[in-house]
Amino acid sequence: MGTVEKIAGLIAETSSSLPKDVEKALAAALRREERGGSAAVVLRTILDNVATARRGGSPLCQDTGTLAFYVDESLRRKVTPAVIKKAVALATKRGALRKNCIDSVSGKSYDDNCADGAPVIHYVDWMEKGCVELVLKGGGSENMSRQYSLPDSALGAGRDLAGVRKCILDAVVKAQGYGCAPGILGVCIGGDRATAYEVAKEQLLRPLGKEGDSADPTLRRLERQVLKDANSLGIGPMGLGGKTILLGVRIASRPRVPASFFVTVAYMCWACRRKVEKLKG
Amino acid sequence: MKKLEYPFDEGQVRALKAGDAVSLSGLVHTGRDKFHKFFADGGKILVDFRDGALYHCGPVCVADGASGWRVVSAGPTTSVRENPYEPAFIESSGVRIIIGKGGMDAATLAAMKRCGCVYVQAVGGAGALYAASVKRVAGVDLLEEFGAAEACWHFEVEDFRGVVAMDAHGNSLFAEVAAESRAKFDIISQS
């Protein structure tokens, strides 16, 4: 099988199948909710949808989102942007992706989902050799991402971890159910504005459960604290009330300059479509 | 589970209460961002929405030979973006049910109360499941103008499920949850 066909296959699978760790977290959330309540109905619907999409090979969410490819740099000459674009066009033609790419000036649709800057492609040095990872992130969740600058006097958030915690919880309260909760947060403490969003989004690649917890004990504690605090707010799945608003929190940090202290929160919906494929090695 | 069928009866719709689970069958039309702006700019909506349902949805539809279209994914999109347009649309169209996700603002809630309309929350992201409830694509308008994700699709649905999240009595589940969670946040963030 050629590389284009392999990547088109990765796109179709990513679009129609939720990662096992996310599905497991949703099933655990369902067990915590009151039977027959609206939170349980929402979670049951989500799990039924996951099964239906996997069985039929159809997009589990119609918003097939922004496509972000993370490519191990050793594949740079094999998995070129031209190869990836061919695969995206093919997957779109087959109905694995919605025609979801609009020119921001003219308003015209790029019917093959390919343009300058679309899909998003990162060549990185931190992935397993020979691997490509694809993430599909829907617009509803992207709209709920936020960046704060500390100190934030409106929030009463200072330049310390307590201030960071306030910012993250404020993002959860502001998002309510709009980002298709229960969601997953990727957070970057520090960095410059642009890098911080990149790093926050990269945290969404970490699996849920213990293996994806931060190796840094301070950040690990903060991840657990924020998860517990957020889930006590009562917002619940899709904002209809309930015990689970977040499935996981993943935090990283980057150095900052003395004048800047950003807290960047990338919100991912429950339909966290990501998949790694090993192309060689 | 309350079952409702198109054309949706005003009395039946007005009797619904926030929190009721519903199952809808019959005609449902999609309309989202471009549809609402088109309407607000004076564009002519070709469909009769009286006693009908408007679904905030941008589906994935695949051309299916001579028979027309096959819907592969059709979950709700965020409704708040249509807040500026929806009260006027409700008033002039006579729509009875709006389906979407995330809820809408106080002005829309007031228009729903005046006109006898409810907001049904579908589960965001559950596109494959809702596509399975579409039995037939009866047609599509504004496809060339708006593109497939924004066109006005006419779906015949069967057992399309959701929860009444805003009723015609002025109640909104979203407003209650938002107010409670903000109060809790104020307490937690002091600790």
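Here are some exercises with worked solutions on a predicted model.

**Exercise 1. Describe how domain 1 and domain 2 of chain A meet.**

Start with the bounds. The domain assignment places residues 3-14 and 59-137 of chain A in domain 1, and residues 140-271 in domain 2. The C-alpha centres of these two domains lie 26 Å apart. The contact draws on 9 residues of domain 1 and 13 residues of domain 2.

Next, look at the area. Domain 1 and domain 2 of chain A bury about 860 Å² between them, and carbon and sulfur atoms account for 64% of that.

Then turn to the polar side of the interface. There are 3 residue pairs in polar contact between domain 1 and domain 2 of chain A, with both residues at pLDDT 80 or more. Strand S3 (residues 131-137) of chain A supplies 4 residues, the largest share of the domain 1 side. By class, that side holds 5 nonpolar, 1 polar and 3 charged residues. The rule finds 1 salt bridge across this interface.

**Exercise 2. Follow the salt bridges of A:Glu142.**

Take the partners in turn. The side chain of A:Glu142 meets that of A:Lys137 in a salt bridge, at 2.6 Å from N to O. A:Glu142 also forms a salt bridge with A:Lys201, where the closest N and O atoms are 2.9 Å apart. Because A:Glu142 sits in helix H5 (residues 139-142) of chain A and A:Lys201 in helix H7 (residues 193-202) of chain A, this pair ties together parts that are 59 residues apart in sequence.

Now check exposure. A:Glu142 has a relative accessible area of 31%, so A:Glu142 is partly exposed. A:Lys201, at 25%, also counts as partly exposed.

**Exercise 3. Set the pair A:Asp21 and A:Arg274 beside the pair A:Asp170 and A:Lys174.**

Begin with A:Asp21 and A:Arg274, which form a salt bridge with their closest N and O atoms 2.9 Å apart. This pair links distant parts of the chain, 253 residues apart: A:Asp21 is in helix H2 (residues 20-32) of chain A and A:Arg274 in strand S8 (residues 273-278) of chain A. Both A:Asp21 and A:Arg274 are buried.

Move on to A:Asp170 and A:Lys174, whose side chains meet in a salt bridge at 2.7 Å, N to O. These residues are 4 apart in helix H6 (residues 161-175) of chain A, so about one helical turn separates them. Their exposure can be read one residue at a time: A:Asp170 counts as buried at 7% relative accessibility, while A:Lys174 counts as partly exposed at 43%.

**Exercise 4. Work out what the side of chain B that touches chain A is made of.**

First, the extent: 40 residues of chain B are in contact with 38 residues of chain A. The two chains bury about 3100 Å² between them, 65% of it on carbon and sulfur atoms.

Second, the pairings. Between chain B and chain A the rule finds 0 salt bridges, but 16 residue pairs are in polar contact, both residues at pLDDT 80 or more.

Third, the elements. Helix H7 (173-190) of chain B is among those that each supply at least two residues, and H7(B) gives the most, with 10 residues. By class, this side of chain B divides into 22 nonpolar, 12 polar and 6 charged residues.

**Exercise 5. Is B:Cys61 buried or exposed, and which residues surround it?**

B:Cys61 lies in strand S4 (residues 60-64) of chain B. Its relative accessible area is 14%, so B:Cys61 is buried. Beyond neighbours within four places in sequence, B:Cys61 is in contact with B:Trp69, B:Arg70, B:Val71, B:Trp153 and B:Phe155.

Definitions and conventions
Residues are numbered from 1 along each chain as its sequence is written. Chains are lettered from A and ligands numbered from 1 in the order in which they are written. This is a predicted model: local features need pLDDT of at least 70, side-chain atom pairs count only at pLDDT 80 or more; totals for chains, interfaces and linings use all residues. Side-chain values use heavy atoms; hydrogens and water are left out. Domain bounds come from an automatic or database domain assignment. Contact means heavy atoms within 4.5 Å. Buried area is the accessible area (1.4 Å probe) that two parts lose on being put together, summed over both. A salt bridge is a side-chain nitrogen of Lys or Arg within 4 Å of a carboxyl oxygen of Asp or Glu. A polar contact is a pair of N or O atoms within 3.5 Å; within protein, one must be able to donate a hydrogen and the other to accept it, and residues adjacent in sequence count only if both atoms are side-chain atoms. Ala, Val, Leu, Ile, Met, Phe, Trp, Tyr, Cys and Pro count as nonpolar, Asp, Glu, Lys and Arg as charged, and the others, Gly among them, as polar. Buried means under 20% relative accessible area, exposed over 50%, partly exposed in between (1.4 Å probe, protein chains only).
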